[in-house]
Amino acid sequence: MSIVNPSFIEEMSRFTEFNAYACINCGSCTALCPMGIDLLPRRMFRHVMLGLEDKVLENTENIFSCLLCKMCEENCPKDVPIVDNIKSIRWYINREIFKLGRN
Amino acid sequence: MAVPIKHILGILVDNLSIRGSVLPLSKSRSTGWAKGLDIPMGGKTVIYTGHMYQLIPSITAMEKMTSKFANSWISKYYGIGRMVNKVINISRFMTWTNANERAKFDGMLRNIALLLKTAEVDFGYLYGEELYTGTLVYDEGINDVFEYHAHKVYERIKKHNVERVITVDPHTTDMLKSVYPKIIKDYQLEVKSYLEVLAESNLKPLKTLEQDIVIHDSCVYARYEGIIDQPRQLLENAGAKIIEPINSRKMTYCCGGPVESLFPIKARTVADSRVEQLTSAGDSSVTMCPICYINLKAAAENNGLSVKDISDYLVEAYCDRNNSV
């Protein structure tokens with residue numbers, strides 16, 4: 001059972017843009033990931049868009065395991081800004097959960 | 001036991017906010033490489049190290065420590081460590097480095113300076129005024145700390161009336177060339193990697209590199225910045241035969257380095273895979289990023305693959321080592 005937070009994506013995009021609407025869930029990204037993280041990025045982006053905050057937070061280690069190497073982004077047929085999206089999720093966790101930042 | 005991501009990132013953030021760098025690096029350590037090279041202070045064009053080569057020995061030491069504690073009871077105490085680190089710089093003890101390691105990376109920076117001098121590029125250096133660009137904090141998504149630091153770095157560079165910077169590694173190149181302009185209003189700085197500068201120069205080889213070299217492209221140079229042909233051109237002009245591994249150019253494969261601070265064991269697995277690809281292509285490989293260099297070098301330790309920084313090859317081909325800079 002997951003709890004849906006309808007304003008999750010708005011909160012996520014409050015300071016940085018989160019944009020994964022063009023994703024067609026083709027799986028090129030996960031097939032090419034050197035870390036073999038099958039959850040990132042497409043399923044994780046879906047969790048964000050559906051407001052499944054708890055699913056996102058359960059996977060904090062995977063989110064910080066991304067190499068930001070852009071192998072996925074280079075081969076994304078829909079040009080989703082994958083690395084920027086990952087960094088937006090990190091920024092949300094850093095700010096809201098870890099309380100890291102200037103304030 | 002879960003990796004204490006929050007506390008490790010917290011220590012890096014505190015260090016950047018309090019001490020100006022994610023890991024301890026004294027001014028004598030960050031500028032020591034330039035000793036005796038007679039590079040003028042400041043100028044319209046400066047070499048900008050961004051401290052990446054100088055920080056590698058500290059990052060390696062930190063990674064060893066994180067790796068040792070990854071699954072131990074000690075990881076529970078990172079939170080206390082972070083609190084103490086705000087007052088006493090304990091990360092200095094966690095990142096104890098040896099002189100040979102430091103000399104190796106300083107040597108790479110000296111190579112780059114010698115290459116630029118040989119290409120008759122007129123450049124200065126900001127010495128102790130130069131700051132780390134904040135790459136690690138940017139990558140980990142600690143945006144407000146990064147943005148504050150980036151403005152400080154830019155103000156410092158402009159205080160010295162610098163108009164052009166020559167960067168020495170892919171991460172600093174990407175920060176100053178592509179990331180800073182997005183967050184700093186009216187950003188005015190021309191940024192080029194030394195590989196671009198050398199490729200555009202009339203540098204002529206003094207010695208032929210009669211060698212097959214397997215090239216490892218940095219993800220950041222290749223996919224972020226499109227710097228792909230320049231290192232090949234410089235090595236081929238010197239007579240080297242470039243061997244392309246399974247993943248190369250825009251399809252290059254990561255060295256694992258970006259996650260070494262948090263997950264050294266995962267980083268090593270990625271580095272092992274890449275070393276396997278490079279080894280199946282040849283015996284001698286070349287890197288162009290200090291992070292790639294240290295990760296692949298460690299993974300290649302027992303398999304016989306030679307890993308060298310591109311500056312080592314280029315200085316051998318293009319420079320008269322008897323001529324000091």
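A residue counts as exposed when 12 or fewer other C-beta atoms lie within 10 Å of its own, and as buried when there are 20 or more. That cut-off is needed for the lysine in point 1. Please keep in mind throughout that this is a predicted model.

1. Let me start with A:K78. This residue sits in the loop that links α6 (71-74) to α7 (82-97) of chain A. Its C-beta has 12 neighbours inside 10 Å, so A:K78 counts as exposed. Once neighbours within four places in sequence are set aside, A:K78 is in contact with A:A22, A:C23 and A:I24. As for A:L57, it is 21 residues from A:K78 in sequence, and the two C-alpha atoms are 26 Å apart in space.

2. Now to chain B as a whole. You will find 15 helices and eight strands in chain B. Of its 325 residues, 51% are buried. Looking at contacts in chain B with a separation of 6 or more, 82% join residues 24 or more positions apart.

3. Chain B is divided into two domains, with domain 1 covering 5-198 and domain 2 covering 204-318. Where they meet, 32 residues of domain 1 of chain B are in contact with 25 residues of domain 2 of chain B. On the domain 1 side, two or more residues each come from α1, α3 (52-69), α6 (99-118), α7 (135-139), α9 (170-183) and α10 (194-200) of chain B. The largest share of that side is from α3(B), with nine residues. By class, the domain 1 side has 17 nonpolar, nine polar and six charged residues.

4. Helix α1 of chain B deserves a paragraph of its own. Spanning residues 5-19, this helix has 15 residues, and the distance from its first C-alpha to its last is 21 Å, close to the 21 Å expected at 1.5 Å a residue. Which residues of α1(B) are buried? They are B:I5, B:H7, B:I8, B:L9, B:G10, B:I11, B:L12, B:V13, B:N15 and B:L16. Just after α1(B) comes B:G20, which has a positive phi near 80°.

5. Next, the contact between the two chains. Chain B contributes 28 residues to it and chain A contributes 21 residues. On the chain B side, the elements giving two or more residues are α1, α8 (143-159), α11 (219-224) and α13 (264-279) of chain B. The one that gives the most is α1(B), with five residues. The chain B side is made up of 17 nonpolar, four polar and seven charged residues. Readers may like to note that α1 of chain B also appears in the list of elements on the domain 1 side that touches domain 2.

6. One open sheet of chain B has four strands in the order β2-β1-β3-β4, with parallel pairing. Why do β2 (124-125) and β4 (190-193) of chain B each have one side without a neighbour in the sheet? Both stand at the edges with a single partner strand, so one side of each is left without a neighbour. Within this sheet, β3 (residues 164-167) and β4(B) run parallel and are joined by four bridges. Here B:T167 stands opposite B:S193 in β4(B).

7. Another open sheet of four strands in chain B follows the order β6-β5-β7-β8, and its pairing is parallel. Its edges are β6 (241-243) and β8 (306-309) of chain B; each has a single partner strand, so one side of each lacks a neighbour in the sheet. From one strand to the next, the twist averages 40°.

8. The pairings of this β6-β5-β7-β8 sheet can be followed strand by strand. Strand β5 (residues 212-215) of chain B pairs with β6(B) in the parallel sense over three bridges, and B:V214 has B:I243 as its bridge partner in β6(B). On to β7 (residues 284-287) of chain B, which pairs in the parallel sense with β5(B) over two bridges. The bridge partner of B:I215 in β7(B) is B:V286. Finally, β7(B) and β8(B) pair in the parallel sense over four bridges, where B:V286 stands opposite B:K308 in β8(B). If you want one residue to click on in the viewer, try B:V286: it is the bridge partner of B:I215 and stands opposite B:K308.

Technical notes: Residues numbered from 1 in each chain as written. Chains lettered and ligands numbered in written order. Predicted model: local features only at pLDDT ≥ 70, side-chain atom pairs only at ≥ 80, totals over all residues. Contact = placed C-beta atoms within 7 Å. Expected span 1.5 Å × (residues − 1). Nonpolar A, V, L, I, M, F, W, Y, C, P; charged D, E, K, R; others polar. Pairing = 2+ DSSP bridges. Axes fitted to C-alpha atoms, helices over the stretch in contact; angles between N-to-C directions. Domains from an automatic or database assignment.
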